[in-house]
Amino acid sequence: AAPATPMAEERVEDGGAATVYTMEEVSRHNQEEDCWIVIKNKVYDVTKYLESHPGGADSITMNGGEDCPVEFEAIHSKAAWKL
């Protein structure tokens with residue numbers, strides 16, 4: 001039997017209901033025009049934030065479509081976790 005597809009994760013926008021995505025689906029959102037990342041089992045659409053990110057868009061898009069809590073935690077303060 002084939003292994004189960006890993007699930008991620010919820011993405012919540014504008015106070016709406018959470019939606020569950022597979023990591024396969026998340027992995028398709030890895031471009032500047034459409035960029036999602038997963039941190040602590042939550043899926044974030046960070047596309048709108050790319051332009052204003054202090055570290056530049058590349059620092060996010062390099063992890064686009066991936067589960068990247070280690071990378072996020074390594075360079076962000078506790079204040080950034082609250083955003």
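**Exercise 1. Determine which residue of strand 4 N30 stands opposite, and describe how strand 3 and strand 4 are joined.**

*Solution.* N30 stands opposite C35 in strand 4. This is a predicted model, in which local features need pLDDT of at least 70, side-chain atom pairs count only at pLDDT 80 or more, and totals for chains, interfaces and linings use all residues. Residues are numbered from 1 along each chain as its sequence is written, and side-chain values use heavy atoms, with hydrogens and water left out. Strands are DSSP runs of E, at least two residues long, numbered from the N terminus. Strand 3 (residues 30-31) runs antiparallel to strand 4, and two bridges join them; two strands pair if DSSP finds at least two bridges between them. The connection is a hairpin through two residues.

**Exercise 2. Describe the pairing of strand 4 with strand 5.**

*Solution.* Strand 4 (residues 34-39) pairs with strand 5 (residues 42-45) over four bridges, in the antiparallel sense. V38 stands opposite V43, and I39 stands opposite K42. These strands form a hairpin with two residues between them, and K40 in the turn has a positive phi of about 50 degrees.

**Exercise 3. State how many disulfides the structure holds, and whether C35 counts as buried or exposed.**

*Solution.* The structure holds zero disulfides (pairs of cysteine sulfur atoms within 2.5 Å). For C35, the nearest cysteine sulfur is that of C68, 8.6 Å away. C35 counts as buried (under 20% relative accessible area, with exposed over 50% and partly exposed in between; 1.4 Å probe, protein chains only) because its relative accessibility is 0%. C68 is also buried, at 4%. In strand 4, five of the six residues are buried.
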